[in-house]
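Subject: A structure for you to look at

Dear colleague,

I am handing over the structure below, and I would ask you to open it before reading on. My notes on what was found follow after it.

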Amino acid sequence: MKHIQTVSKPCLNQSLAHGGCGECQSSCQSACKTSCTVANQSCANKENQILAGRDGKVNHSFGK
Amino acid sequence: MIHLFEALGKRMALDVGSGAVLSLDPIAYDALRLLVEDADANVEDALSATYDRAEVEETVAELRQLMEMGYLNTNDDYSHVEAADTGVVKAMCLLVAHDCNLRCKYCFADTGEYHMKSRTMLSAETGRKALDWLVAHSGNRTNLEVDFFGGEPLMNFGVIKEVVAYGRELEKKHGKVFKFTTTTNAVLLNDEMMDFLNAEMDNVVISIDGRREVHDRMRPTPNGKGSYDLIIDKAKRFVEKRGQQRYYLRGTFTGYNLDFGNDVLHLADMGFEQLSIEPVVTDEKCPYAIKESDLPTVYDEYERLGHEYIRYRRDGKWFNFFHFMVDLTGGPCLKKRLTGCGSGNEYVAVTADGDIYPCHQFVGREGMQMGSVLDGSFDRDIQHAFQQNNVLKKDKCSQCWARFYCSGGCAANAHAFNGDIGKPYEMECRLEQKRLECAMAIYAIEQEQQQAAQADE
Ligand code: SF4
Ligand code: SF4
């Protein structure tokens, strides 16, 4: 497309089929202890990580 | 729902229902804005005065195609999704020391006392009971988190060691894995402690606010001196010993340093790679509060930091800023996104006296005690109330574009400012939304850089 670039594809719906195992980290523990953001967390389930294509996560690994 | 925004010079759209993120040129941005306001708008007519008509038509065709592909304007009603009410607790904040060796002015824990007017230390026995309690309430969850917190936990280092050793015994007996973490101001950190923490802790959070003068102003010792020089070299050594992994430097910015980007960059310049600097949460009347009138300045500072962040990372000075991290390719599952921090439900705090609270910030608040690990009591009604308080059940959040990223904000702040865990604190929302916009723009810009670099190869 000329006028629009896809930064990331739809992903929310897919996780419904695989999600909810509950083994992931509780969000407040990870860094801040005063606020909560979950979107930057990773899924603890390896299978889901592959399904969700986590290898491409630019923001975590770029330039490193 | 579609959220259109501009951040770091990028025009972007988030499709809330699908999680798709798009980067738009000016025509597409203006066209989509018209379509968001009115799906039947005659975009061609409306924009042909500003742009070439053929270009506008081409753009609208692209937008329509994205809608058909399920990238835009998708169904965002997930109200049928229920996060299971299992009653399981999997994470605990253990207050090992209700005392501190610093007198930070913004401390929510009242330098360890938690408004309970006593400076007590956790005993190894109560610590062991807390772990027993956690195992007993963890159902079939394997991974259990325990964060040693205070006050200053290293003031009670011996007990931390005993509790960890006990946890390792329990792992074998019950088939669990304890992920221990510690949050410390690093004042007492010595080589023995460093080695222990590096061997046993999954994550370590060290509190540093940034530049010396900024840090010292808010984080003095009991005799009123600054603490920056006491900790900075220790923190550096510790992080190097740890191989730059699984830690965060965690600072607070206040109304005194609205140029907090310089504090982040100061720490990056010192060679730290995992950084989190967060806004102070306090009464507007407080002299160091971040006021509503400060918000434009804070937004600008996040933008400026965003640009610097990209530059640093591109030029070989990689670091990670917690609030600019967003995983758009997958990230946590939807159920996790609905439940957020899990306070009071999957996550509790336990005081040195063995009392259970929904999280560390609720400790000492009236009516919030949930039970005790000493007698095993646990108020399932409070737990259920927290479990029910998911992002889609909150009026404000259910209408908010950020809901699947923010997950409903901090229940403790909602309770403190609005007297209701279901009513998020507005200042927090506005900052969260701005950071998310920046994070998505950064993601898009770095992705472009990466694609350009690949194309060059
Ligand atoms: S930003 Fe505020 S309204 Fe939006 S989801 Fe978060 S807490 Fe709820
Ligand atoms: S309620 Fe707030 S402080 Fe408590 S765990 Fe959740 S996000 Fe953290």
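Is B:Glu278 buried or exposed? With a relative accessible area of 1%, B:Glu278 is buried, because anything under 20% counts as buried. This residue sits in strand 9 of chain B, which covers residues 274-279. The C-alpha atom of B:Glu278 is separated by 4.8 Å from that of B:Thr252, although the two residues are 26 residues apart along the chain.

Please keep in mind as you read that this is a predicted model. For the complex, the predictor gives an ipTM of 0.88 together with a pTM of 0.92. In chain B the mean pLDDT is 94, and 99% of the residues reach 70 or more. As a general caution, predicted coordinates should not be read in detail where pLDDT is low.

Let me turn to chain A, which has 64 residues, 53% of them buried. Its secondary structure consists of four helices and one strand, and along the sequence these follow the pattern β-α-α-α-α. The area that chain A exposes is about 2800 Å², of which carbon and sulfur atoms supply 52%.

The strand of chain A appears again when we look at helix 1 of chain B, which runs over residues 26-37. This helix has twelve residues and reaches 17 Å from its first C-alpha to its last, which is close to the 16 Å expected at 1.5 Å a residue. Its buried residues are B:Ile27, B:Ala28, B:Tyr29, B:Asp30, B:Ala31, B:Leu32 and B:Leu35. They pack against strand 1 (4-8) of chain A, and also, within chain B, against strand 1 (2-7), strand 2 (10-15), strand 3 (21-24), helix 2 (43-47) and helix 3 (53-68).

A second helix to examine is helix 4 of chain B, whose 13 residues (124-136) should span 18 Å at 1.5 Å a residue, and this agrees with its end C-alpha atoms, which are 18 Å apart. Among the buried residues of helix 4 of chain B are B:Ala124, B:Gly127, B:Leu131 and B:Trp133.

Which residues touch the most other members of the largest nonpolar core? In this core of 134 residues, they are B:Leu94 and B:Phe148. Helix 16 of chain B, residues 426-456, gives the most to this core, with eleven residues. Apart from it lies another core, made of 23 residues, including B:Ile2, B:Ala28, B:Leu47 and B:Val56. Returning to B:Phe148, and leaving aside residues up to four places away in sequence, you will find that this residue touches B:Leu94, B:Val96, B:Pro153, B:Ile160 and B:Met201, among others.

The next residue to find is B:Gly364, which is placed in the loop between strand 12 (355-357) and strand 13 (371-372) of chain B. With a relative accessibility of 31%, B:Gly364 counts as partly exposed. Its C-alpha atom and that of B:Tyr114 are separated by 5.9 Å, while the two residues are 250 residues apart along the chain.

Finally, how many disulfides does a search of the whole structure find? The search finds zero over all chains. B:Cys107, for example, is in no disulfide, since its nearest cysteine sulfur, that of B:Cys104, is 6.3 Å away, whereas a disulfide needs the sulfur atoms within 2.5 Å. B:Cys107 counts as partly exposed at 28% relative accessibility, while B:Cys359 is buried, with a relative accessible area of 6%.

With best wishes

Conventions
Residues are numbered from 1 along each chain as its sequence is written. Chains are lettered from A and ligands numbered from 1 in the order in which they are written. This is a predicted model: local features need pLDDT of at least 70, side-chain atom pairs count only at pLDDT 80 or more; totals for chains, interfaces and linings use all residues. Side-chain values use heavy atoms; hydrogens and water are left out. Buried means under 20% relative accessible area, exposed over 50%, partly exposed in between (1.4 Å probe, protein chains only). Helices (H or I, at least four residues) and strands (E, at least two) are DSSP runs, numbered from the N terminus. Accessible areas come from the Shrake-Rupley method with a 1.4 Å probe; for residues, only the protein chains shown count as cover. The expected span of a helix is 1.5 Å times one less than its number of residues. A nonpolar core is a set of buried Ala, Val, Leu, Ile, Met, Phe, Trp, Tyr and Cys residues joined through side-chain atoms within 4.5 Å. Contact means heavy atoms within 4.5 Å. pLDDT is the predictor's confidence in each residue, from 0 to 100.
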